[in-house]
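Got your viewer open? Let's take a walk through this one, a stop at a time.

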Amino acid sequence: MKKFDLPLWTDTLFVFTVVSILFLVLFRFSMSFITAILCSILTGLSACILFYFLYKKYRTKKYYSKAEKEQMEKLAFHLAITTQEENTAILMQALIQKANEEQKALPILEKDGILYDEKHYICNFLFEKITADILSPYIRGETNKIIFIALDFTAEAKKLADSFHLTLYDLPKIYKFLKKYNTIPTNFVEPPHTKKKFFQNIQLRFSKKSAKGYLFSGSFLLLFSLITIFPLYYIIFGSILLLIAVFIRFFGKSEE
(Lines give C-alpha, C1' and ligand atoms only; values in the text may rest on other atoms or scores of the structure.)
Protein backbone atom coordinates (compact mmCIF):
# COMPACT_ATOMS: atom_id res chain seq x y z
CA MET A 1 0.00 0.00 0.00
CA LYS A 2 1.32 3.41 -0.98
CA LYS A 3 2.36 5.61 1.92
CA PHE A 4 0.08 8.60 2.56
CA ASP A 5 2.11 11.76 1.96
CA LEU A 6 0.80 13.95 4.79
CA PRO A 7 3.24 16.89 4.24
CA LEU A 8 2.17 17.16 0.60
CA TRP A 9 -1.53 17.25 1.52
CA THR A 10 -1.07 19.78 4.33
CA ASP A 11 0.92 22.04 1.99
CA THR A 12 -1.84 21.72 -0.60
CA LEU A 13 -4.50 22.66 1.97
CA PHE A 14 -2.33 25.61 3.00
CA VAL A 15 -2.18 26.84 -0.61
CA PHE A 16 -5.97 26.45 -0.96
CA THR A 17 -6.58 28.53 2.16
CA VAL A 18 -4.24 31.35 1.16
CA VAL A 19 -5.47 31.60 -2.43
CA SER A 20 -9.18 31.36 -1.52
CA ILE A 21 -9.03 34.09 1.11
CA LEU A 22 -6.93 36.41 -1.03
CA PHE A 23 -9.19 36.10 -4.08
CA LEU A 24 -12.35 36.40 -1.99
CA VAL A 25 -11.20 39.87 -0.99
CA LEU A 26 -10.28 40.79 -4.58
CA PHE A 27 -13.42 39.38 -6.24
CA ARG A 28 -15.84 41.11 -3.90
CA PHE A 29 -15.08 44.48 -5.56
CA SER A 30 -16.38 43.32 -8.95
CA MET A 31 -19.23 40.91 -8.09
CA SER A 32 -21.78 40.01 -5.44
CA PHE A 33 -20.58 38.51 -2.17
CA ILE A 34 -22.05 35.02 -2.85
CA THR A 35 -20.56 34.96 -6.35
CA ALA A 36 -17.23 36.12 -4.95
CA ILE A 37 -17.23 33.24 -2.46
CA LEU A 38 -17.94 30.68 -5.18
CA CYS A 39 -15.30 32.11 -7.51
CA SER A 40 -12.70 32.28 -4.75
CA ILE A 41 -13.34 28.63 -3.84
CA LEU A 42 -13.01 27.58 -7.49
CA THR A 43 -9.81 29.60 -7.80
CA GLY A 44 -8.45 28.01 -4.62
CA LEU A 45 -9.30 24.52 -5.86
CA SER A 46 -7.63 25.21 -9.21
CA ALA A 47 -4.51 26.52 -7.46
CA CYS A 48 -4.25 23.58 -5.07
CA ILE A 49 -4.79 21.00 -7.85
CA LEU A 50 -2.04 22.64 -9.92
CA PHE A 51 0.21 22.89 -6.87
CA TYR A 52 -0.41 19.25 -5.89
CA PHE A 53 0.64 17.76 -9.21
CA LEU A 54 3.58 20.13 -9.81
CA TYR A 55 4.91 19.78 -6.27
CA LYS A 56 4.36 16.02 -6.30
CA LYS A 57 6.63 15.73 -9.37
CA TYR A 58 9.20 18.00 -7.75
CA ARG A 59 9.43 15.89 -4.61
CA THR A 60 11.41 12.66 -4.60
CA LYS A 61 9.43 9.45 -5.06
CA LYS A 62 10.25 8.38 -1.53
CA TYR A 63 9.86 10.92 1.22
CA TYR A 64 13.06 11.35 3.21
CA SER A 65 13.14 13.03 6.59
CA LYS A 66 15.50 15.91 7.26
CA ALA A 67 17.84 13.60 9.20
CA GLU A 68 17.93 11.13 6.28
CA LYS A 69 18.67 13.90 3.79
CA GLU A 70 21.55 15.15 5.94
CA GLN A 71 22.88 11.62 6.27
CA MET A 72 22.69 11.15 2.49
CA GLU A 73 24.67 14.37 1.94
CA LYS A 74 27.33 13.23 4.40
CA LEU A 75 27.47 9.79 2.79
CA ALA A 76 27.88 11.35 -0.67
CA PHE A 77 30.86 13.45 0.43
CA HIS A 78 32.38 10.51 2.30
CA LEU A 79 32.16 8.18 -0.70
CA ALA A 80 33.55 10.81 -3.07
CA ILE A 81 36.52 11.70 -0.85
CA THR A 82 37.60 8.20 0.26
CA THR A 83 39.48 5.64 -1.82
CA GLN A 84 38.05 3.09 -4.24
CA GLU A 85 39.25 0.27 -1.96
CA GLU A 86 37.41 1.70 1.06
CA ASN A 87 34.19 2.14 -0.92
CA THR A 88 34.44 -1.38 -2.32
CA ALA A 89 34.87 -2.70 1.22
CA ILE A 90 31.66 -0.95 2.33
CA LEU A 91 29.78 -2.45 -0.63
CA MET A 92 31.31 -5.88 0.07
CA GLN A 93 29.98 -5.84 3.65
CA ALA A 94 26.46 -5.14 2.41
CA LEU A 95 26.65 -7.84 -0.27
CA ILE A 96 27.91 -10.41 2.23
CA GLN A 97 24.85 -9.76 4.40
CA LYS A 98 22.65 -9.90 1.30
CA ALA A 99 24.18 -13.28 0.39
CA ASN A 100 23.56 -14.64 3.88
CA GLU A 101 20.00 -13.38 3.79
CA GLU A 102 19.31 -14.93 0.38
CA GLN A 103 21.38 -18.06 1.19
CA LYS A 104 23.58 -17.65 -1.87
CA ALA A 105 27.31 -17.88 -2.52
CA LEU A 106 29.39 -15.11 -0.97
CA PRO A 107 30.47 -12.20 -3.22
CA ILE A 108 33.90 -12.35 -4.84
CA LEU A 109 36.26 -9.39 -5.00
CA GLU A 110 37.35 -8.61 -8.57
CA LYS A 111 39.91 -6.25 -10.01
CA ASP A 112 37.41 -3.51 -10.81
CA GLY A 113 34.49 -4.42 -8.55
CA ILE A 114 32.59 -7.27 -6.92
CA LEU A 115 30.95 -10.36 -8.42
CA TYR A 116 27.76 -11.51 -6.74
CA ASP A 117 24.95 -13.70 -8.08
CA GLU A 118 26.42 -13.53 -11.60
CA LYS A 119 26.33 -9.73 -11.56
CA HIS A 120 29.29 -7.35 -11.53
CA TYR A 121 28.96 -4.48 -9.03
CA ILE A 122 31.17 -1.57 -10.06
CA CYS A 123 31.36 1.62 -8.00
CA ASN A 124 32.82 4.94 -9.09
CA PHE A 125 32.04 7.79 -6.71
CA LEU A 126 32.92 11.25 -8.01
CA PHE A 127 31.83 14.74 -7.01
CA GLU A 128 30.69 15.33 -10.59
CA LYS A 129 28.05 13.31 -12.41
CA ILE A 130 29.13 10.19 -14.27
CA THR A 131 29.18 10.90 -18.00
CA ALA A 132 28.49 8.65 -20.99
CA ASP A 133 32.23 8.60 -21.70
CA ILE A 134 32.90 6.99 -18.32
CA LEU A 135 30.17 4.39 -18.89
CA SER A 136 31.16 3.54 -22.48
CA PRO A 137 33.88 0.95 -21.59
CA TYR A 138 31.23 -1.11 -19.75
CA ILE A 139 28.81 -1.48 -22.68
CA ARG A 140 31.02 -3.86 -24.65
CA GLY A 141 30.21 -6.98 -22.65
CA GLU A 142 27.13 -8.48 -21.03
CA THR A 143 25.69 -5.21 -19.82
CA ASN A 144 22.61 -6.84 -18.31
CA LYS A 145 24.97 -8.37 -15.71
CA ILE A 146 26.56 -5.05 -14.69
CA ILE A 147 25.37 -2.77 -11.88
CA PHE A 148 27.20 0.56 -12.00
CA ILE A 149 27.08 2.51 -8.75
CA ALA A 150 27.75 6.26 -8.48
CA LEU A 151 26.39 9.39 -6.81
CA ASP A 152 24.65 10.68 -9.93
CA PHE A 153 24.62 10.40 -13.72
CA THR A 154 24.20 12.83 -16.61
CA ALA A 155 21.12 12.55 -18.83
CA GLU A 156 23.29 11.19 -21.67
CA ALA A 157 24.74 8.52 -19.39
CA LYS A 158 21.26 7.42 -18.32
CA LYS A 159 20.14 7.19 -21.97
CA LEU A 160 23.22 5.13 -22.85
CA ALA A 161 22.67 2.77 -19.91
CA ASP A 162 19.01 2.36 -20.78
CA SER A 163 19.83 1.55 -24.41
CA PHE A 164 22.26 -1.21 -23.41
CA HIS A 165 20.29 -2.48 -20.37
CA LEU A 166 23.00 -1.38 -17.94
CA THR A 167 21.67 -1.03 -14.37
CA LEU A 168 22.54 2.23 -12.58
CA TYR A 169 22.50 2.88 -8.84
CA ASP A 170 22.53 6.56 -7.83
CA LEU A 171 22.87 8.06 -4.33
CA PRO A 172 19.27 7.38 -3.13
CA LYS A 173 19.52 3.73 -4.24
CA ILE A 174 22.95 3.05 -2.72
CA TYR A 175 21.86 4.85 0.48
CA LYS A 176 18.77 2.65 0.72
CA PHE A 177 20.86 -0.46 0.00
CA LEU A 178 23.55 0.30 2.60
CA LYS A 179 20.96 1.34 5.18
CA LYS A 180 19.05 -1.91 4.73
CA TYR A 181 22.14 -3.91 5.67
CA ASN A 182 23.37 -1.39 8.27
CA THR A 183 26.70 -0.78 6.55
CA ILE A 184 26.61 3.02 6.30
CA PRO A 185 29.89 4.33 7.81
CA THR A 186 29.55 5.63 11.35
CA ASN A 187 32.47 8.06 11.12
CA PHE A 188 31.98 10.22 8.05
CA VAL A 189 34.73 12.24 6.43
CA GLU A 190 32.93 15.58 6.47
CA PRO A 191 33.63 18.79 4.52
CA PRO A 192 34.85 21.88 6.39
CA HIS A 193 32.11 24.11 7.74
CA THR A 194 31.22 26.92 5.36
CA LYS A 195 29.27 30.12 5.77
CA LYS A 196 25.57 29.43 5.81
CA LYS A 197 23.55 30.52 2.78
CA PHE A 198 20.60 32.91 2.88
CA PHE A 199 17.88 30.25 3.03
CA GLN A 200 19.83 28.32 5.68
CA ASN A 201 19.90 31.44 7.86
CA ILE A 202 16.17 31.87 7.30
CA GLN A 203 15.60 28.28 8.42
CA LEU A 204 17.54 28.88 11.65
CA ARG A 205 15.35 31.87 12.56
CA PHE A 206 11.90 30.80 11.42
CA SER A 207 10.09 27.57 12.13
CA LYS A 208 7.44 26.26 9.74
CA LYS A 209 5.04 26.21 12.69
CA SER A 210 5.21 30.01 12.96
CA ALA A 211 3.55 30.24 9.52
CA LYS A 212 0.21 29.53 11.25
CA GLY A 213 0.40 32.81 13.15
CA TYR A 214 1.10 34.84 10.02
CA LEU A 215 -1.64 32.96 8.15
CA PHE A 216 -4.18 33.72 10.88
CA SER A 217 -3.19 37.39 11.15
CA GLY A 218 -3.17 37.92 7.39
CA SER A 219 -6.50 36.12 6.93
CA PHE A 220 -8.08 38.15 9.74
CA LEU A 221 -7.00 41.44 8.15
CA LEU A 222 -8.21 40.40 4.71
CA LEU A 223 -11.58 39.18 5.99
CA PHE A 224 -11.96 42.32 8.11
CA SER A 225 -11.47 44.38 4.93
CA LEU A 226 -14.85 43.03 3.77
CA ILE A 227 -16.70 45.03 6.42
CA THR A 228 -14.55 48.12 6.92
CA ILE A 229 -15.02 51.48 5.21
CA PHE A 230 -11.35 51.79 4.23
CA PRO A 231 -10.32 48.29 3.07
CA LEU A 232 -7.12 49.17 1.17
CA TYR A 233 -4.74 49.14 4.14
CA TYR A 234 -6.19 45.88 5.44
CA ILE A 235 -5.77 44.29 2.01
CA ILE A 236 -2.15 45.48 1.66
CA PHE A 237 -0.96 44.41 5.11
CA GLY A 238 -3.05 41.24 5.10
CA SER A 239 -1.53 40.23 1.75
CA ILE A 240 1.98 40.92 3.07
CA LEU A 241 1.36 38.68 6.07
CA LEU A 242 0.03 35.92 3.82
CA LEU A 243 3.14 36.16 1.65
CA ILE A 244 5.30 35.90 4.77
CA ALA A 245 3.28 32.84 5.84
CA VAL A 246 3.86 31.19 2.45
CA PHE A 247 7.59 32.00 2.54
CA ILE A 248 8.06 30.57 6.04
CA ARG A 249 5.89 27.53 5.23
CA PHE A 250 8.15 26.44 2.37
CA PHE A 251 11.54 27.81 3.46
CA GLY A 252 11.35 27.74 7.24
CA LYS A 253 12.90 25.21 9.60
CA SER A 254 11.19 21.82 9.73
CA GLU A 255 10.26 20.44 13.13
CA GLU A 256 11.59 16.92 12.62
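**The whole chain**

Start zoomed out with a cartoon view: this is a predicted model, and its chain has 10 helices and five strands. Switch on the surface next. The accessible area adds up to about 16800 Å², with carbon and sulfur atoms supplying 63% of that. Of the 256 residues in the chain, 36% are buried.

Now turn on contacts, leaving out pairs fewer than 6 apart in sequence. Of the contacts that remain, 63% link residues at least 24 apart.

**Stop one: helix 2**

Select residues 33–58, which form helix 2, and pick out S40 within that helix. Is S40 buried or exposed? Its relative accessible area is 3%, under the 20% cut-off, so S40 counts as buried.

What does S40 touch, once you skip residues up to four places away in sequence? Show S20, F23, L24 and F27 as sticks: those are its partners.

**Stop two: two cysteines**

Next, select C48. Its relative accessible area is 10%, so this cysteine is buried too, given the 20% cut-off. Then jump to C123, where the figure is 4%; that puts C123 under the 20% limit as well, so it is also buried.

While you have cysteines selected, how many disulfides are there? The count is zero, going by the rule that two cysteine sulfur atoms must lie within 2.5 Å.

Definitions and conventions
Residues numbered from 1 in each chain as written. Predicted model: local features only at pLDDT ≥ 70, side-chain atom pairs only at ≥ 80, totals over all residues. Heavy atoms only, no water. Helix = DSSP H or I, 4+ residues; strand = E, 2+ residues; numbered from the N terminus. Buried < 20%, exposed > 50% of the residue type's maximum accessible area, 1.4 Å probe, protein only. Contact = heavy atoms within 4.5 Å. Areas by Shrake-Rupley, 256 points an atom, 1.4 Å probe, with all protein chains shown as cover.
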